[in-house]
Amino acid sequence: MPSTTTSQNGSHHEASPSPPPPAPVPLTPGPRASRLEKVYTEALSRTLRANSYANFSACFPTPAKYVPASLESVWRQLNAKLEESAKAEFDEIMREKDAVRGLNELDRLVGEAKLRMENGEEGNVVGPHTLGAEELYKAHLAPYLRDAQDALNEKLEATQAQNAELAEKIRQQRLEIESLLSGLEAIVADVEGAATATAQYSKENSLREEVVRMDEEVRARQDV
């Protein structure tokens, strides 16, 4: 029953009906927010699986042959760092853009629209008899959906930019690893050279001792 108000002269008249305030949007991820998180997690998992140890070690055959344990440790640390960094950046974007709230609001609007359609309603409390179904749809549902779509597009663009930045980081880290491994190969070459020089020195030293011994024998015979 509509409420009434009393004027200064004591007369009563009905107050204008007003719609109830909208329910607060929960911050627990709803269907769309949960789906977005699931899709991102699956995409990240596929990216990390593509960077398998077999693919990684194929890029560095020398360390894979001589120091496989060290190379595998580098690969594991790289993948763990990439996963941690990607998840942290995704969570930061979700917080900055208030994505959960926006997606939950979209879930609510779509749910209300479906409920109105199921109940045969074509409008809302603001003069439904004065507007047609198409006008009501455009006036009351389309703006919310458009704003939600714009927010989603913005989040997707931000995610794509983050993915591009992550790919560049991977490329830079790979270049750093290649540089480190090149230095490692140079060290191995130096060690091998030192080992060869040591062996050569031992051989020459043995020949020198043999010459000295033969010279001593010749002198001994001359003295006799």
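Tyr40, Ala86, Glu89, Phe90, Ile93, Thr159, Gln162, Asn163 and Leu166 line the largest cavity in this structure, which is a predicted model. Two elements, α4 and α6, each give two or more residues to that lining. The enclosed space comes to about 60 Å³, and its walls break down into five nonpolar residues, three polar ones and one charged. In total, four cavities reach 30 Å³ or more.

Next in line is the second largest cavity, at about 40 Å³. Its walls are made by Ala99, Gly102, Leu103, Leu106, Ala148, Ala151, Leu152 and Lys155. Here the elements with two or more lining residues are α5 and α6. Sorted by class, this lining holds six nonpolar residues, plus one polar and one charged.

Turning to the open spaces, the second largest pocket has a volume of about 380 Å³. Some 20 residues line this pocket, and those closest to its centre are Val39, Tyr40, Ala43, Thr159 and Asn163. Tyr40, Thr159 and Asn163 are also found in the lining of the largest cavity. Two or more residues of the pocket lining come from each of α1, α4 (68–96) and α6 (133–223), with α6 giving the most, nine residues. The class count for the pocket is 13 nonpolar, four polar and three charged.

Helix α1 deserves a closer look. It runs over residues 31–50, and at 1.5 Å a residue these 20 residues should span 28 Å; the C-alpha atoms at its ends do sit 28 Å apart, so the expected and modelled lengths agree. Along α1, the buried residues include Ala33, Tyr40, Leu44 and Leu48. These four lie on the same side of the helix, because they cover an arc of only 70° around its axis. A general point about helices fits in here: with 3.6 residues a turn, residues three or four places apart point the same way. Over on the other side of α1, Pro31, Arg49 and Ala50 are exposed.

That leaves the packing. In soluble globular proteins, nonpolar side chains tend to be buried together. In this model, the largest nonpolar core has 19 residues, and Phe56, Phe60 and Ile177 touch the most other members. The elements that supply two or more residues to this core are α1, α4, α5 (99–118) and α6. Of these, α4 brings the largest share, seven residues.

Technical notes: Residues are numbered from 1 along each chain as its sequence is written. This is a predicted model: local features need pLDDT of at least 70, side-chain atom pairs count only at pLDDT 80 or more; totals for chains, interfaces and linings use all residues. Side-chain values use heavy atoms; hydrogens and water are left out. The expected span of a helix is 1.5 Å times one less than its number of residues. Buried means under 20% relative accessible area, exposed over 50%, partly exposed in between (1.4 Å probe, protein chains only). The arc is that of the directions from the helix axis to the C-beta atoms. On a 1 Å grid over the protein atoms alone, a cavity is a set of points where a 1.4 Å probe fits but cannot get out, and a pocket is an open set with protein on both sides within 12 Å along at least five of seven lines; lining residues have an atom within 4 Å of a point. Grid points are joined across faces, edges and corners, and a volume is the space filled by probe spheres set on the points. Ala, Val, Leu, Ile, Met, Phe, Trp, Tyr, Cys and Pro count as nonpolar, Asp, Glu, Lys and Arg as charged, and the others, Gly among them, as polar. A nonpolar core is a set of buried Ala, Val, Leu, Ile, Met, Phe, Trp, Tyr and Cys residues joined through side-chain atoms within 4.5 Å.
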